[in-house]
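Visitor: I would like to learn how to read a few features of a structure, one after another. Could we start with the general idea each time and then turn to the case at hand?

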Amino acid sequence: MVLFINACLRAKQSRTKSLCDSFLEEYARLHPEEAIETVDLCTDHYNCLTSKAVEERDALVLAQNLTHPTLAPALRFAKADKLVIGAPYWDVSFPAALKCYIENICVNGVTFLYTPLGPKGLCNAKKMLYISTTGGPVPGKNAGFAYMEELCNTLLGINDCAYFAAGMLDVEGQDVSALLEQARTELLAAAPSF
């Protein structure tokens, strides 16, 4: 199962979502045997964790009460075979809704485990594709992708992380349609090997 995490909060107006839709449609055409499930952060709301929420969640894991609804997002994430994350470049990273979701899926004993040698990822997925758009230039590495790549590599055991973005879309004088079409063509070329 491919899990698509949609952090494209502008919904139908989102250029990032448009690229994600194109990629997922092509992926589904090439891999009809694989299910694609969506976590839609436009409609599915995840609260930022509080100390009380963390204590309650830790108690559920300690009691092996893994059927509790609180753990459902983490279990679904851990079960996925591949991850596609769609997130525009906002405020030098990504929308806050994605961070709240991440807090809800990073559960010691479900998506990772602390060992004497450090964290061990418990996620089934080995690949993550991060799709984004940027309004202007991004000096260096996209900090949103860099965060997700580090999280996947260090904590969750997902080591094959790829980044794709269409950039400069809000710069005056740019042919936005042409930039998006070029990006879409390059992204679809990656679908067969994902």
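Guide: Let us begin with exposure: a residue is called buried when its relative accessible area is under 20%, exposed when that value is over 50%, and partly exposed in between. Please keep in mind throughout that this is a predicted model.

Visitor: With those cut-offs, to which class does Gly-136 belong, and why?

Guide: Gly-136 has a relative accessibility of 22%, and because this value falls between the two cut-offs, the residue counts as partly exposed. Its place is in the loop between β6 (127–133) and α5 (143–156).

Visitor: Which residues does Gly-136 touch, if those up to four places away in sequence are not counted?

Guide: With those sequence neighbours set aside, Gly-136 touches Met-168 and Val-171. Val-171 lies 35 residues from Gly-136 along the chain, yet the C-alpha atoms of the two are separated by 5.9 Å.

Visitor: Let us turn to a helix. What end-to-end span should α2 have, and what does the model give?

Guide: The general idea is that the expected span is 1.5 Å times one less than the number of residues. Helix α2 covers residues 51–62, so its 12 residues should span 16 Å, and the C-alpha atoms at its ends are indeed 16 Å apart, in agreement with that expectation.

Visitor: Which residues of α2 are buried, and against which element do they pack?

Guide: Arg-57, Leu-60 and Val-61 are the buried residues of α2. They cover an arc of only 95 degrees around the axis, which means that they sit on the same side of α2. These buried residues pack against α4, whereas the face of α2 turned away from the buried side carries the exposed residues Ser-51, Lys-52, Glu-55 and Leu-62. Just after α2, Gln-64 takes a positive phi of about 55 degrees.

Visitor: How does one look for empty space?

Guide: Rolling a probe the size of a water molecule over the atoms shows where empty space is left. In this model, a search of the whole structure finds one cavity of 30 Å³ or more, and the largest cavity has a volume of about 30 Å³.

Visitor: Which residues line the largest cavity, and how do they divide by class?

Guide: The lining consists of Ile-5, Phe-77, Ile-85, Leu-98, Tyr-101, Ile-102, Ile-105, Met-148, Leu-151 and Leu-156; by class, it has 10 nonpolar, no polar and no charged residues. Both α4 (96–105) and α5 supply at least two residues each, and α4 gives the most, with four residues.

Visitor: And what are the volumes of the largest pocket and the second largest pocket?

Guide: The largest pocket has a volume of about 200 Å³, and the second largest about 160 Å³. Of the 14 residues that line the largest pocket, Arg-10, Arg-15, Pro-88, Trp-90 and Thr-133 lie nearest its centre, and the lining as a whole divides into five nonpolar, six polar and three charged residues.

Visitor: Which residues line the second largest pocket, and which element gives the most to that lining?

Guide: Among them are Phe-23, Lys-127, Met-128, Leu-129, Asp-160 and Phe-194. The elements that give two or more residues to this lining are β6 and β7 (160–166), and β7 gives the most, with four residues. By class, the lining of the second largest pocket comprises eight nonpolar, one polar and two charged residues.

Note on methods
Residues are numbered from 1 along each chain as its sequence is written. This is a predicted model: local features need pLDDT of at least 70, side-chain atom pairs count only at pLDDT 80 or more; totals for chains, interfaces and linings use all residues. Side-chain values use heavy atoms; hydrogens and water are left out. Buried means under 20% relative accessible area, exposed over 50%, partly exposed in between (1.4 Å probe, protein chains only). Contact means heavy atoms within 4.5 Å. On a 1 Å grid over the protein atoms alone, a cavity is a set of points where a 1.4 Å probe fits but cannot get out, and a pocket is an open set with protein on both sides within 12 Å along at least five of seven lines; lining residues have an atom within 4 Å of a point. Grid points are joined across faces, edges and corners, and a volume is the space filled by probe spheres set on the points. Ala, Val, Leu, Ile, Met, Phe, Trp, Tyr, Cys and Pro count as nonpolar, Asp, Glu, Lys and Arg as charged, and the others, Gly among them, as polar. The arc is that of the directions from the helix axis to the C-beta atoms.
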